[in-house]
Amino acid sequence: MRLTRSKGVLRPRRRSGSAAASDASPPSPQLRLKVVAVVVACLFAALFARLWTLDIINAPSAQAAAASNAERTISLPAPRGLILDRNGNVLVGNVDEPVIDVLRQTAIQHPAMEERLSVLLGMTLAQLTRALNNLSVSPYAPVPVLPNASPQQILYVQEHQALFPGVTATTESVRAYSPMGKAAANIVGYPGRITGSEYQRLKSQGYQPTDEIGQTGVEATYERVLRGTPGVEKVAVDSQGQVLSVLSVTPPVPGRNLRLSIDGTIQMAAESALEQGIAAARTTKANSGGTYRATSGAVVVEDPNNGRLLALATAPQYDPSQFVGGISQAAYAALNNPAAHYPLIDRSIAGEYNPGSIFKLVTATVGINDGIITPTSVFNDNQGGLRVGNQFFANDGHQSYGPVQLPKAITVSDDAYFYHIGETLWNGRATYGGTAFQRTARLYGFASPTGVDLPGESSGYVLTPAQKAKLHAQYPKAYPYGSWYTGDNVQSAIGQDDLVVTPLQAANAYSAFANGGTVWSPKVAMDAETPAGKVVARYTPKAIHKITYTAAEHASMLAGFSGVTTSPLGTAYGSFGQVHFPVPVAGKTGTAQVSGVKRGQPGYKQPTSVFASFAPASAPKYAVVCFVAQGGYGASVSAPIVANVYRTLFHLPAPGAAPASGG
């Protein structure tokens, strides 16, 4: 086709013939405008429809997605409050422990860095990967892969940042224990990573899956006091989850400090005396042959005037620093090995023992209250025991004491005197009731928790005839006899048979007698304080009830308890009177035969050594109780332990004489 020029415009030349005839006329301008208008209208309609969908239909989800893609919130744990003793000494504090953190997203983008880091940290690549995949850590927060990193590892990371993108050497606050705090491990306890069930229960209170929470001791009881308020860090992230910048930071607020009534010096002295006494018992010849096993024990020191606890020693003890950063399975298994005698059990509040002759406090009280004895009434112990039917209940060593009044009965621990009370109560149950022992024991706080502010307290038990019958029906092999006999009451009178107590219950009972009859619900916490020392809460023991004595009754019993340590006939004279102990101590020894298995039979356990006391005798400031499982005579093991604790309490010199044996 050739072009022709017409009025300055190039136009195609028309062809001749049929081709020319077939050409249609060009569209008119009006038609073209209509087509363009329709296309534009459709485009605008589609655009407005999409905008309406985004703005109206998808607006909420789009806004949420946009915010989610742009901003993340990270919880910053707060340092826990300090735990102090009554004098302000730090039992448990905090230290900044070096830790190596890794940003998970950066690690994914730099696999070569992971290989280098695993070599530096002494980990396999698989171990490092598992650490990075810790789902309890926010994906936008650094993952701690090596707590307590060495100074060399920290320095290498800091000096070679180019080799370790996304890796930081930082610090985290962890618990630190003073020597006093380690001695009081059973009291202070330890925190640990929150469990799944705990998190579900507490997440509404702001807890995070990575938080630590008190697991035992006051760490658990006063978790809300010690925890503090977590901080909040808001960061901007891109669509890949990479942190772009820090938008805002609200620093965490440390927890309150908790001041205990525990005296760290006394606690350490009680622990030391207990450990030394147990070691000595293991070298002492036992009546059953060999030496005493002395497997475990406890010492309790209480202020009888207000129920505050100054020491709760238990043996064996554990080191709470093992739990910092998480305890290994091997270490935890060792703490639960029967051969180690279960050091995680706090014997001071959870150990359950036959009390032996220290229970004669209860027997004397019920005998006086029910009119079976008076302070001056005489019982003739001419047989060295008491015959009940065809069974003879003997004194220790079958010793006879002749005419005996209450003070002497306590001083020499004359079992026959107290057997008589038990026999009379049961034979006269129509008059006295069938649960006179149990009723009075409960008045002193036995057979129920004391309410101490520590988890895991045992209640002990003082079985009633009805309870024994029920246990027999449920467990006939363990309780082959369901009936209650006179012999049950006779044995209960000297702290044997179907009753067990905790050391704390025993200390609380003797505190009640020492102060004139007030039974306390004891406490270990005194107050909560700000880091600046301002008291914001106080914790006070509660008086539960009052046991009443006449002046003559109380004086008669006190004379008996004082004679235990001051009279040459007293069972603890060797630990106190014989060495001219300068502070008057009142107390009672106990040698509790562990019921169930007789001597010589498999599973036989040696007697529990017990001593319960208070001092000064006429104006008590302290009540001190000691139990040693399989430790033998109370006078030989527990009384010397208590004497050593009193030496610390009253700033006395070291002992200078060996104790005597006795019941």
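The following dialogue examines one pocket and one sheet of a predicted model.

Biologist: What makes a residue part of the lining of the second largest pocket?

Modeller: A lining residue has an atom within 4 Å of a point of the pocket. In the second largest pocket, 50 residues line it, and Pro 77, Pro 144, Glu 172, Arg 193 and Thr 210 lie nearest its centre. The volume of this pocket is about 1500 Å³.

Biologist: Which strand supplies the largest share of that lining?

Modeller: Strand 7 does, with eight residues. Strands that each supply at least two residues include strand 3 (71–76), strand 5 (90–102) and strand 10 (231–237).

Biologist: How do the residues of this lining divide into nonpolar, polar and charged?

Modeller: The lining holds 25 nonpolar, 16 polar and nine charged residues.

Biologist: How do you know that strand 25 and strand 26 are paired?

Modeller: Pairing requires at least two bridges between two strands. Seven bridges join strand 25 to strand 26 (residues 608–615), so the two count as a pair. They run antiparallel, and Thr 589 stands opposite Phe 611 in strand 26.

Biologist: Why are strand 14 and strand 25 said to stand at the edges?

Modeller: The five strands form an open sheet in the order 14-13-27-26-25, with antiparallel pairing. Strand 14 (309–315) and strand 25 (586–592) each have a single partner strand, so one side of each lacks a neighbour in the sheet. On average, neighbouring strands of this sheet are turned by 5° against each other, direction ignored.

Biologist: What makes helix 25 a helix that packs on this sheet?

Modeller: Contact means heavy atoms within 4.5 Å. Helix 25 (residues 634–649) touches strand 13, strand 25, strand 26 and strand 27, so these strands are in contact with the helix by that cut-off. The direction of helix 25 makes about 145° with that of strand 27 (622–629).

Terms used:
Residues numbered from 1 in each chain as written. Predicted model: local features only at pLDDT ≥ 70, side-chain atom pairs only at ≥ 80, totals over all residues. Heavy atoms only, no water. 1 Å grid on protein atoms, 1.4 Å probe; cavity = no way out; pocket = protein on both sides within 12 Å on 5 of 7 lines; lining within 4 Å. Points joined across faces, edges and corners; volume = space filled by probe spheres on them. Helix = DSSP H or I, 4+ residues; strand = E, 2+ residues; numbered from the N terminus. Nonpolar A, V, L, I, M, F, W, Y, C, P; charged D, E, K, R; others polar. Axes fitted to C-alpha atoms, helices over the stretch in contact; angles between N-to-C directions.
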